[in-house]
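Student: I would like to learn how to read a protein model feature by feature, beginning with the way strands are paired. Could you take me through it slowly?

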Amino acid sequence: MAVRPMVNRDSQFFWDGTQAGELRIQVCNACGTKRFPPGPACRSCEAYDQGYEVASGEGTVFSYVVHRHPPVPGKELPIVIALVDLDEGVRMIGEVTGLPEADDLQIGDRLRVDFDRVDDELTLPIWRKA
Ligand SMILES: [Zn+2]
């Protein structure tokens, strides 16, 4: 079992995307502003007409934490949680997996997204060193 994210009307496209193996970013159809996390209205022009684009899936570590405690349901600790600056210019939080050691990550490292299929309804984006 994993920690399940909130899925609502504003973020449905994002979770549909991860199911399809796509990392989707909300883009305002009126002014082109990109946004994460998604919301109902554009923060620049307040338009409600929001679409999305598929991100390249690559980004850079802005910062990260190594989570050693407290326990997380369904997770083996430690886990590494990073703030990732996508090449498209939005910042996303996510787990970094596949590191030889939990400390084997640095600010500025390049990451590439991967998808962790939790069950039929949920696929989480995860990150690996590029
Ligand atoms: Zn806008």
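Tutor: Let us begin with a single pair of residues, bearing in mind that this is a predicted model. Isoleucine 25 has glutamate 53, in S3, as its bridge partner. The strand pair to look at here is S1 and S3, which are joined in the antiparallel sense over 5 bridges.

Student: What holds such strands together in general, and in which order do the strands of this open sheet lie?

Tutor: In general, the strands of a sheet pair through backbone hydrogen bonds, in either a parallel or an antiparallel sense. In this model, 3 strands make up an open sheet with the order S2-S1-S3, and their pairing is antiparallel. Strand S2 (34–35) and S3 are the edge strands, each of them pairing on one side only.

Student: Which strands does S4 pair with, and over how many bridges?

Tutor: Strand S4, which spans residues 58–67, runs antiparallel to S7 and is joined to S7 by 3 bridges, while 8 bridges join S4 to strand S5 (residues 79–86), again in an antiparallel arrangement. To locate these pairings in the structure, you can use glutamate 58, which stands opposite arginine 112 in S7, and valine 66, whose bridge partner in S5 is valine 80.

Student: Let us turn to the metal. Which atoms are the protein donors of the zinc ion?

Tutor: One reads such a site by finding the donor atoms, then their geometry, then their places along the chain. The zinc ion has as its protein donors the SG atoms of Cys28, Cys31, Cys42 and Cys45, at 2.3 to 2.4 Å. The angles among the 4 donor atoms are 105 to 114 degrees, and the site is tetrahedral. Along the chain, the donors follow the spacing C-x2-C-x10-C-x2-C, and the structure holds 0 disulfides.

Student: Is cysteine 31 buried or partly exposed, and why?

Tutor: Buried means under 20% relative accessible area and exposed means over 50%, with partly exposed in between. Cysteine 31 counts as partly exposed because its relative accessible area is 39%. Cysteine 28, by contrast, is buried because its value is 2%, and cysteine 42 is likewise buried because its value is 5%.

Student: Which residues of helix H1 are buried, and what do they pack against?

Tutor: Helix H1 covers residues 12–19, and its buried residues are Phe13, Phe14, Trp15, Gly17 and Thr18. The buried residues of H1 pack against five strands, namely S1 (24–28), S3 (50–54), S6 (91–96), S7 (110–117) and S8 (123–129). Just after H1 comes glycine 21, with a positive phi of about 75 degrees.

Student: How should I read the largest nonpolar core, and which of its residues touch the most other members?

Tutor: One can start from the members with the most contacts and then ask which elements supply the core. Of its 22 residues, those touching the most other members are Leu23, Leu86, Val96, Leu105, Leu111 and Trp127. At least two residues of this core come from each of H1, S5, S6, S7 and S8, and the largest share, 4 residues, is supplied by S5. Setting aside residues up to four places away in sequence, leucine 111 touches several residues, including Val61, Val84, Val96, Leu105 and Trp127.

Student: Why is threonine 123 called buried, and which residues is it in contact with?

Tutor: Threonine 123, which lies in strand S8, is called buried because its relative accessible area is 4%. Leaving aside neighbours within four places in sequence, threonine 123 is in contact with Trp15, Thr18, Gln19, Phe115, Asp116, Arg117 and Val118.

Terms used: Residues are numbered from 1 along each chain as its sequence is written. This is a predicted model: local features need pLDDT of at least 70, side-chain atom pairs count only at pLDDT 80 or more; totals for chains, interfaces and linings use all residues. Side-chain values use heavy atoms; hydrogens and water are left out. Donors are N, O and S atoms within 2.8 Å of the metal (3.2 Å for Na, K and Ca); water is not among the atoms, so sites may look incomplete. Four donors count as tetrahedral if all angles lie between 85 and 135 degrees; four count as square planar and six as octahedral if opposite donors are over 155 degrees apart and all others between 65 and 115; anything else is irregular. Buried means under 20% relative accessible area, exposed over 50%, partly exposed in between (1.4 Å probe, protein chains only). A disulfide is a pair of cysteine sulfur atoms within 2.5 Å. Contact means heavy atoms within 4.5 Å. Two strands pair if DSSP finds at least two bridges between them. A nonpolar core is a set of buried Ala, Val, Leu, Ile, Met, Phe, Trp, Tyr and Cys residues joined through side-chain atoms within 4.5 Å.
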